Amino acid sequence: MSTSRAWSVAGLVAGFVGLAVSYSLAMVMTIRDSPLVAVADLVVRLTPGPVEERAIRFLGHQDKTVLLVVMLLISAAVFAWAGRLARHAWWRSTLVFVVLAVLGGVAVWLQRGATALDALPVAAGFATWVVCLSLLTEPLRRHALALAAAPVAVTDPAHPDHTRRTFLLRVGAMTAAGLVLGATGRAIGRGRRHVEETRRLLRLPGVTQPVAPKGTRVEVPDMTPWVTPNDDFYRIDTALVVPTIEPSDWLLRIHGMVDREIVLTYQDLIDRRLTEAWVTLNCVSNEVGGDLIGNAWWSGVRIAGLLSVAGVHPGADAVLQTSEDGWTCGTPLEVLTDDRNAMLAVAMNGRPLPIDHGFPVRTIVPGLYGYVSACKWVVDLKVTRFADIEAYWTGKGWSELGPVKIASRIDVPGDGGEIDSGGARVAGVAWAQHTGIARVEVSVDGGSWTPARLARVPSNDTWVQWMADLDVPPGDHTLTVRATDAEGLLQTGVEQDVLPDGATGWHTIGLTAREPQQEDG
């Protein structure tokens, strides 16, 4: 190994061990985020809305994984650079570590509910960087001095062979120690697995199993299910590390512009009367024809009843919801107190909420995009005024109220698919939660609109499936769909991006109509 490469390796190994120490200590102290994850979370929070939207669009639910990988690669490059700087002066590499530690400390301090103790893993990581780099560079310095000095005996500790061997032994020992620490931290941080087991064994009285009402599904092969299984339900959030909360540790505080502050335990919540409903949720980041939408059977407690107990003050028009991970959304007070089933959900499709979808409690509000209503891992409801708050996404340029827009989608056939000419059946879904869909129409090649047949729905809070039979000549064509809501409003064909309040436009696909195959007689 060349001398220059050895200094880089020294920096890399020291950096790796420091990260392992900070990670394992954070797990021992049951701090939710290690310093590296806290920095990544800060990057997410500071990322402009349009940039974050493009990341979600191109990377989907892998966006956070990609961010962490990129940060690890950048960290590796910085650590290697710090090692090379130490070759010329020890204080240069130390200065790099100071900058990294300050960045990590600031990111940790900005985490929701952070205390001075949360900075301890950062301090431990910094100390490890400095000590490990010193131990690794000491034999390299002796090696350089030995090469510059007069020849020495092989048995002399200053001989290059001895210094090289010492360096390699220390690299191996520190690498092994880092791996052991990382594995230990992972083992200690098995909180998620424990919470998963708690969730698996949890029984919720009053929660029923979902049974899709008759007639909600159109009989078309390969059609999207009307009920979205939990494992297939879209997930969009800002949590780099998903909060894992034991039901026994969960508390919800309702405060702000109220007559009396309320603090609820999980048991307090599930002891109340449960409500259940089919509700379709969709993300404001869903593009025209996108799949960031799902329909499920939700069970929970109506928020309106809890706010009534708290006694809302006149003049309040918003509720600032806060998640365990610090994410916030501002929800119009009106939609939490009207006749819709806005609820603190505890179950999804007849089972306790999946951890990734907000276990133990999340909010569900029909008719609003998730960025202003669907707070996972909710722990705080503050009754307030929109003029006095700025929530996570509204601070990044998204609109304040976020009502769901009329939308429709073609599911069968898929874009670029084939159908039989002369008589083909197409199908899809349409939605306008809390208003409902009254009509769906399709058009071939921009021609006249053909009405589709709608399936049944249990309420206006879900999507509706549709199908239509078309007589299409052989060849390549385009197929477009549009919907009209229950109030007579026609879905606009004007194309708009998702920012600032949801995409608009008609979903259009390309397809090929083929001649029906003749059977040999």
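A contact is taken here to mean heavy atoms within 4.5 Å. The model is predicted, local features need pLDDT of at least 70, side-chain atom pairs count only at pLDDT 80 or more, and totals for chains, interfaces and linings use all residues. Residues are numbered from 1 along each chain as its sequence is written, and side-chain values use heavy atoms, with hydrogens and water left out.

**Exercise 1. Describe the overall architecture of the protein.**

Step 1. Begin with contacts between residues at least 6 apart in sequence: 76% of them join residues at least 24 apart.

Step 2. Assign secondary structure from DSSP runs, with helices (H or I) of at least four residues and strands (E) of at least two, numbered from the N terminus. The result is 11 helices and 19 strands.

Step 3. Take the extent of the C-alpha trace, which spans about 95 × 75 × 45 Å along the principal axes.

Step 4. Classify accessibility with a 1.4 Å probe on protein chains only: buried is under 20% relative accessible area, exposed is over 50%, and partly exposed lies in between. Of the 521 residues, 51% are buried.

**Exercise 2. Characterise the surroundings of Trp129 and of Ser8.**

Step 1. Locate Trp129 in helix α6 (residues 120-148). Its relative accessible area is 8%, so Trp129 is buried.

Step 2. List the contacts of Trp129, not counting residues up to four places away in sequence: Ala14, Gly15, Gly18, Leu19, Phe79, Phe97, Leu100 and Ala101. For Phe97, 32 residues away along the chain, the C-alpha separation from Trp129 is 7.1 Å.

Step 3. Examine the polar atoms. A polar atom of the Trp129 side chain lies 3.1 Å from the backbone oxygen of Gly15.

Step 4. Turn to Ser8, which belongs to helix α1 (residues 3-28). Ser8 is buried because its relative accessible area is 12%. With residues up to four places away left out, Ser8 touches Ala80 and Arg84.

**Exercise 3. Analyse the salt bridges, giving distance, accessibility and sequence separation where available.**

Step 1. Apply the criterion, a side-chain nitrogen of Lys or Arg within 4 Å of a carboxyl oxygen of Asp or Glu. The whole structure yields 18 salt bridges.

Step 2. Consider Arg482 and Glu441, whose side chains meet at 2.8 Å, N to O. Arg482 sits in strand β18 (residues 475-485) and Glu441 in strand β14 (residues 437-444), and the pair, 41 residues apart, links distant parts of the chain. Both Arg482 and Glu441 are buried.

Step 3. Consider Asp420 and Arg514, with the closest N and O atoms 3.4 Å apart. Because Asp420 lies in strand β12 (residues 417-420) and Arg514 in strand β19 (residues 507-514), this pair ties together parts that are 94 residues apart in sequence. Asp420 is partly exposed at 34% relative accessibility, and Arg514 is partly exposed with a relative accessible area of 34%.

Step 4. Consider Asp388 and Arg385, where the closest N and O atoms are 3.1 Å apart. Asp388 is partly exposed at 48%, and Arg385 is partly exposed at 35%.

Step 5. Note also the network of salt bridges that links Glu138, Arg142 and Arg170.

**Exercise 4. Describe the two largest cavities and the second largest pocket.**

Step 1. Fix the terms. On a 1 Å grid over the protein atoms alone, a cavity is a set of points where a 1.4 Å probe fits but cannot get out; a pocket is an open set with protein on both sides within 12 Å along at least five of seven lines; lining residues have an atom within 4 Å of a point. A volume is the space filled by probe spheres set on the points, which are joined across faces, edges and corners. For linings, Ala, Val, Leu, Ile, Met, Phe, Trp, Tyr, Cys and Pro count as nonpolar, Asp, Glu, Lys and Arg as charged, and the others, Gly among them, as polar.

Step 2. Count the cavities of 30 Å³ or more: there are 3. The largest has a volume of about 310 Å³. Of its 21 lining residues, Ile236, Asp237, Gly370, Ala374 and Lys376 are the closest to its centre. This lining comprises 12 nonpolar, 5 polar and 4 charged residues.

Step 3. The second largest cavity has a volume of about 150 Å³. Its lining has 18 residues, with Asn286, Glu287, Ala407, Trp431 and Ala503 closest to the centre. The division is 8 nonpolar, 8 polar and 2 charged.

Step 4. The second largest pocket has a volume of about 480 Å³. Among its 23 lining residues, Tyr234, Gly290, Asp291, Leu292 and Ile293 lie nearest the centre. The pocket lining divides into 10 nonpolar, 7 polar and 6 charged residues.

Notes:
Polar contact = N/O pair within 3.5 Å; in protein donor to acceptor, adjacent residues only side chain to side chain.
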